[in-house]
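Please look through the sequence and the model below before reading on. The report that follows takes up the chains one by one, then the places where they meet.

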Amino acid sequence: MKPARKQRLILIGLMVLGASLATAFALKSFNDNLMYFFPPTDVVEGKAPKDALFRLGGMVIKGSVERPDKGMMVRFKLTDFNKEVTVEYTGILPDLFREGQGIVAHGRLNAQGVFIAEEVLAKHDENYMPPEIKATLKNPANPPAGQAQ
Amino acid sequence: MFLVPDLVVRFFHRMASPPHFYAFSERLMPWLVVIFMLLAVTGLYGGLYLAPPDYQQGDSYRIIYIHVPSAWMSLFIYVVMAIAGAIGLIWRIKLAEIVMISSASVGASFTFIALVTGSLWGKPMWGTWWVWDARLTSELILLFLYLGIIGLYGAIDDKRTASKAVAILALVGVVNIPIIHYSVEWWNTLHQGPTVAKMDKPSIHVSMLTPLLLMALAFKVYYAIALILQARVELLQRERNSQWVKTKAVEEGGL
Amino acid sequence: MSLQEFLAMGGYAFYVWTSYGICLVVLLANVVIPIIQRKNFLRQQGLKQKRQDL
């Protein structure tokens, strides 16, 4: 390779390396802001903001969904398979909301440590399969690949 | 260089010459169109008709057959563009500059399609058109990078200078590519994790995966078609004073 | 499966078909625009040549 070309190659390499390093440092310092939601463990341990709106994400515990006043208000428990947080929400739930499904709720904690949600979004998993296959996979002996979180 | 067979070297030298590229691409075009049609028709038939509905998302998941291939292409084209930019900067090959700038509009289109179809998928499934999570935000930044590249190229009159400026912008923007790919693993996002590009086997049923891969191939071939068409316009404009373009204008100018 | 069922997409017709429609329009535009540009360019250059030759 001619010296002039080699020099340009090195210069480009350094430029890309510099840009990557700068971005890496920037992302590292803003890491917390890039998290879209807090897991229940952070909330129980008091790492989530108090008296402020934030997002809480986790899996709806099977059998925890109830409608206490038979109205629009839904109460359910969210888990990250470590800690649990109770969530209350009044409004229309997305199509994918169901027990055992991941969701992200936007709202704030009340004095009793219950998360009062203003908005509930469903987080679908990365598995795609026909309903019949899902039915055969219901057998707990062989859980679907990637289902364990 | 002596590791590469002489024939290959000669092929690339010929291809780097504008009139040869122009003639060669003209002969290649019908083949590409036929391959694209075959792939797209079988992919769409498999995806929209043969593939079963998803166990949770029903038929709405069929957006995957354009959303995911578009998103893959948006990253792939950016990498091609940046590599072509680097080749243009280092070796000053005119054709590399043309491949770079001709890729930008196709890449921007795929990024736009990925964002819009993702939004149309997110509304019924997640319950929202848009969220500012790491995956969606970094993909939006990619669209702005593409638009910035197109804008910068248009703003500088001398196209060789413009190519250098654009190549530098494209190379700096490369850092965004791994961020988009790994965003769903590095941070909590509303967007789910990878389905196909996983270390263990893909978590998508084979009847749904096959059309997805066919569509991904179809989009790759489409990129080749769109790139060649755009590159030929770019070549003609840049070489407007050379003899082969003048001859072509007299032949095909419809006079 | 009837055509009606196919078009209904299990109730997600709007989202699915809008996605495919937008995709089609954008991809077509990326092919049609350069073809028109090339035709126009060659016509202009051809006219210029002709004028110079006169």
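## The form of chain C

In this predicted model, 22% of the 54 residues of chain C count as buried. Chain C is built with two helices and zero strands, and its C-alpha trace spans about 65 × 20 × 10 Å along the principal axes. A compact globule of 54 residues would have a radius of gyration near 10 Å, whereas the value for chain C is 22 Å.

## Where chain C meets chain B

How many residues does each chain bring to the contact between chain C and chain B? Chain C gives 27 residues and chain B gives 38 residues. On the side of chain C that touches chain B, the largest share comes from helix 2 of chain C (residues 13-53), which supplies 23 residues. Sorted by class, this side of chain C holds 16 nonpolar residues, together with eight polar and three charged ones.

## Where chain A meets chain B

Two pairs of chains are in contact in this model, and of these it is chains A and B that share the most contacts. By comparison, no contact joins chain A and chain C, and their closest C-alpha atoms lie 11 Å apart.

The contact between chain A and chain B takes 34 residues from chain A and 38 residues from chain B. Helix 1 (3-29), strand 5 (115-123) and helix 4 of chain A each supply at least two residues of the side that touches chain B, and the largest share, nine residues, comes from helix 1 of chain A. By class, this side of chain A has 21 nonpolar, six polar and seven charged residues.

## Domains and strands of chain A

Chain A is divided into domain 1, covering 3-32, and domain 2, covering 35-123. The centres of domain 1 of chain A and domain 2 of chain A, taken over C-alpha atoms, are separated by 41 Å.

Strand 1 of chain A (residues 54-60) is a good place to begin with the strands, and five of its seven residues are buried, so that strand 1 of chain A is mostly covered. Strand 1 of chain A runs antiparallel to strand 4 of chain A (residues 102-109), and six bridges join the two; in this pairing, Gly57(A) has Val104(A) as its bridge partner in strand 4 of chain A. Strand 1 of chain A also runs antiparallel to strand 2 of chain A (residues 73-79), to which two bridges join it, and here Met59(A) has Thr79(A) as its bridge partner.

Strand 2 of chain A is in turn joined by seven bridges to strand 3 of chain A, and these two strands run antiparallel. Within this pairing, Lys77(A) stands opposite Thr86(A) in strand 3 of chain A. Strand 2 and strand 3 of chain A form a hairpin with four residues between them, and in the turn Phe81(A) has a positive phi of about 65 degrees.

## A buried proline in chain B

Is Pro124(B), a residue of helix 4 (residues 94-125) of chain B, buried or exposed? Pro124(B) is buried, because 20 other C-beta atoms lie within 10 Å, and a residue counts as buried at 20 or more.

Leaving aside its neighbours within four places in sequence, Pro124(B) is in contact with Ser60(B) in its own chain, with Asp95(A), and with Tyr12(C) and Tyr15(C). Pro124(B) and Gln57(B) are 67 residues apart in sequence, and in space they are 9.1 Å apart from C-alpha to C-alpha.

## Confidence in chain A

A careful reader will also want to know how confident the predictor is in chain A, which averages a pLDDT of 82, with 90% of the residues scoring at least 70. Among the elements of chain A, strand 3 (residues 84-90) has the highest mean pLDDT, 91, and helix 4 (residues 131-137) the lowest, 71. Over residues 140-149 of chain A the pLDDT is below 50, and this stretch has twelve contacts in the model beyond near neighbours in sequence.

Terms used:
Residues numbered from 1 in each chain as written. Chains lettered and ligands numbered in written order. Predicted model: local features only at pLDDT ≥ 70, side-chain atom pairs only at ≥ 80, totals over all residues. Contact = placed C-beta atoms within 7 Å. Nonpolar A, V, L, I, M, F, W, Y, C, P; charged D, E, K, R; others polar. Rg over C-alpha atoms; globule rule 2.2 N^0.38 Å. Buried ≥ 20, exposed ≤ 12 C-beta atoms within 10 Å, placed from the backbone. Domains from an automatic or database assignment. Pairing = 2+ DSSP bridges. pLDDT = per-residue confidence, 0-100.
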